[in-house]
Amino acid sequence: MSALRTILTDFTRIEGVRGACIISKDGFMIESVMPAGAMDPDALAAMIVTLYGAATKMSEELKMGSIDLLTVETATNYVLLQDLGEVVFAVIADRTALLGRIRYEMRRQRDRIRAAL
């Protein structure tokens with residue numbers, strides 16, 4: 001198992017986390033751990049990069065600085081996106097998850113992910 005896959009697998013063991021992935025900023029899935037039957041990884045990567053790009057553009061236009069962590073809340077899930085330079089780290093969790101714990105773990109694993117790239 002690759003180092004990235006190990007990190008992502010560890011994330012999916014956090015209560016409420018359904019999946020985790022590393023996506024290049026040009027829209028390609030680098031590594032993912034998603035539940036069986038989840039959506040197509042390439043389509044997911046394209047949507048996440050599009051969302052991240054729109055949020056980055058908004059942040060620039062409003063002169064709010066760069067995005068560190070973007071959280072999308074839906075009726076049933078959370079999607080958290082973290083900028084790691086050349087890649088975006090995405091975590092998908094259901095509403096039972098503790099966001100603080102996920103955010104903490106994402107920040108804590110940032111250097112480990114970068115080293116594994």
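Helices and strands here are DSSP runs numbered from the N terminus, with helices being H or I runs of at least four residues and strands being E runs of at least two. With that in hand, Ser32 can be placed in strand β2, residues 29-33. Before going further, please note that this is a predicted model, in which local features need pLDDT of at least 70, side-chain atom pairs count only at pLDDT 80 or more, and totals for chains, interfaces and linings use all residues. Residues are numbered from 1 along each chain as its sequence is written, and side-chain values use heavy atoms, with hydrogens and water left out.

Let us start with the overall layout. The protein chain has three helices and five strands, and along the sequence they follow the pattern α-β-β-α-β-β-β-α. The C-alpha atoms fill a box of roughly 40 × 30 × 30 Å along the principal axes. The radius of gyration, taken over C-alpha atoms, is 13 Å, which agrees with the value near 13 Å expected of a compact globule with 117 residues; the globule rule is 2.2 Å times the number of residues to the power 0.38. If contact means heavy atoms within 4.5 Å, then residues 24 or more positions apart account for 51% of the contacts in the protein chain with a separation of 6 or more.

Now for the inside. A residue is called buried under 20% relative accessible area, exposed over 50%, and partly exposed in between, using a 1.4 Å probe and protein chains only. By that rule, 44% of the 117 residues count as buried. In soluble globular proteins, nonpolar side chains tend to be buried together. A nonpolar core is defined as a set of buried Ala, Val, Leu, Ile, Met, Phe, Trp, Tyr and Cys residues joined through side-chain atoms within 4.5 Å. The largest one has 22 residues, of which Phe11, Phe89, Val91, Ile102 and Met106 touch the most other members. Helix α1, strand β1, strand β4 (77-83), strand β5 (87-94) and helix α3 (99-116) each supply at least two residues of this core. Apart from it lies another core of 16 residues, among them Cys21, Leu44, Tyr52 and Val79.

Ile102 is a good place to look in detail. Beyond its neighbours within four places in sequence, Ile102 is in contact with Phe11, Ile14, Val17, Leu80, Val91, Ala93 and Ala97.

What about Ser32, where we began? Ser32 counts as buried at 16% relative accessibility, and with neighbours within four places set aside, Ser32 is in contact with Arg5, Leu8, Ala20 and Cys21. Gly16, in the loop between α1 (3-12) and β1 (17-24), is buried too, with a relative accessible area of 15%. Gly16 touches Ile92, Ala93, Asp94, Thr96 and Ala97, not counting residues up to four places away in sequence. Of these partners, Thr96 is 80 residues from Gly16 in sequence, yet the two C-alpha atoms are 5.6 Å apart in space.

Charged pairs come next. A salt bridge is a side-chain nitrogen of Lys or Arg within 4 Å of a carboxyl oxygen of Asp or Glu, and a search of the whole structure finds 11 of them. In one, the closest N and O atoms of Asp68 and Arg110 are 3.3 Å apart. Asp68 lies in the loop between α2 and β3 (69-73) and Arg110 in helix α3, so this pair ties together parts that are 42 residues apart in sequence. Asp68 is partly exposed at 31% relative accessibility.

Which salt bridges sit inside helix α3? One of them joins Arg108 to Glu105, with the closest N and O atoms 2.8 Å apart; being three residues apart in helix α3, the two are separated by about one helical turn. Arg108 is partly exposed at 48%, whereas Glu105 is buried at 11%. Another pair, Asp111 and Arg114, likewise lies three residues apart in helix α3, and its closest N and O atoms are 3.6 Å apart. Here Asp111 is exposed at 56% and Arg114 is partly exposed at 38%. Elsewhere, salt bridges that share partners join Asp10, Arg13 and Arg112 into one network.

Finally, the surface. Accessible areas come from the Shrake-Rupley method with a 1.4 Å probe, and for residues only the protein chains shown count as cover. The protein chain exposes about 6500 Å², 55% of it supplied by carbon and sulfur atoms.
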